Amino acid sequence: MKRIKAIYPGSFDPPTNGHLDLIERGSKIFDELVVAILRNPEKDPLFSVADRRKMLEAMTSTFDNVSVDTFDGLTVDYALRLDAQAILRGIRAISDYEYELQMALMNRKLQPALETVFMMPAEKYSYLSSRLVREVAQLGGSISCLVPELVEQKVREKMDIAHKFANGEGTIGKTLSEAKSRDRKKKN
Ligand code: PNS
């Protein structure tokens, strides 16, 4: 019988309960699901790729058919290297659809044999995004129902570093990104 392998590509900065909901749904319909974190050196992420990978590995440890990986370059090339047949993406609301459709059609143009499968997370996560989680946390709001506990703790640690930096405590570097980078190096 043919086994279907799918990749679930994204930034996951940080991974949220919405991502986890989609991973769980995907793990039920695909034989194998690879959560693939895009390594994008141009962005200034909150978390290093290594940190995101660790968080996603911990979040998905109970699913036997889910693994976590990182990639760069085109998603379709990565999917091909893995022998995957599908790309999983989540659609939370109509506003996601236009961008997701554009990306799915471009991916189909680049690699016609690869299918994009859209799944909807639970309605309670329809407003949830990594960007909003970062913003709420940065402004001191609670993110406890938005991300798994282990992610909440990691985000809090990041915010503490940022606050300490803002207050001029405990940092020798000149910029916040230097402090973040030092913190990333310490953790990796
Ligand atoms: O979580 P995100 O940021 O919405 O994920 C976007 C992602 C990583 C799926 C998309 O940016 C992507 O596929 N990037 C890899 C480069 C690529 O293949 N670009 C062409 C897409 S049509």
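## A walk through the predicted chain

Among the contacts in the chain between residues at least 6 apart in sequence, 74% join residues at least 24 apart. The model shown here is a predicted one, and its chain contains seven helices and five strands. Read from the N terminus on, these elements follow the order β-α-β-α-β-α-β-α-β-α-α-α. Of the 188 residues of the chain, 44% count as buried, while the accessible surface of the chain comes to about 10,900 Å², with 53% of it belonging to carbon and sulfur atoms.

A good place to begin a closer look is Thr70, which is found in strand 3, the stretch of residues 66-71. Thr70 has a relative accessible area of 13%, and because buried means under 20%, this residue counts as buried. Leaving aside residues up to four places away in sequence, Thr70 touches Ile37, Arg39, Val49, Arg53 and Tyr78. With one of these residues, Arg39, the side chain of Thr70 also shares a polar contact of 2.6 Å.

From here the path leads to the aromatic rings, of which the structure holds two pairs. One of them is formed by Tyr8 and Phe12 in an edge-to-face arrangement, with 5.2 Å from centre to centre and 85° between the planes. Tyr8 has a relative accessibility of 5% and therefore counts as buried, and Phe12, at 2% relative accessibility, counts as buried too. Phe71 and Tyr78 also form an aromatic pair, but this one is stacked, with the centres 4.9 Å apart and 25° between the planes. Both Phe71 and Tyr78 are buried, and Tyr78 is also one of the residues that Thr70 touches.

The last stop is the ligand, around which lie Pro9, Gly10, Ser11, Leu38, Gly73, Leu74, Thr75, Arg89, Met103, Met106 and Asn107. Which side chains place a polar atom beside an oxygen atom of the ligand? In the side chain of Ser11, an N or O atom is 2.6 Å from an oxygen atom of the ligand, and for Thr75 a polar side-chain atom lies 2.5 Å from a ligand oxygen atom. Arg89 likewise has an N or O atom in its side chain that is 2.9 Å from an oxygen atom of the ligand. Taken alone, the ligand exposes 540 Å², and the protein buries 73% of that area.

Terms used:
Residues are numbered from 1 along each chain as its sequence is written. This is a predicted model: local features need pLDDT of at least 70, side-chain atom pairs count only at pLDDT 80 or more; totals for chains, interfaces and linings use all residues. Side-chain values use heavy atoms; hydrogens and water are left out. Helices (H or I, at least four residues) and strands (E, at least two) are DSSP runs, numbered from the N terminus. Buried means under 20% relative accessible area, exposed over 50%, partly exposed in between (1.4 Å probe, protein chains only). A polar contact is a pair of N or O atoms within 3.5 Å; within protein, one must be able to donate a hydrogen and the other to accept it, and residues adjacent in sequence count only if both atoms are side-chain atoms. Contact means heavy atoms within 4.5 Å. Rings of Phe, Tyr and Trp (its six-membered ring) pair if their centres lie within 6.5 Å; planes under 30 degrees apart count as stacked, over 60 as edge-to-face and the rest as tilted. Accessible areas come from the Shrake-Rupley method with a 1.4 Å probe; for residues, only the protein chains shown count as cover. A residue is near a molecule or strand if one of its heavy atoms lies within 4 Å of it.
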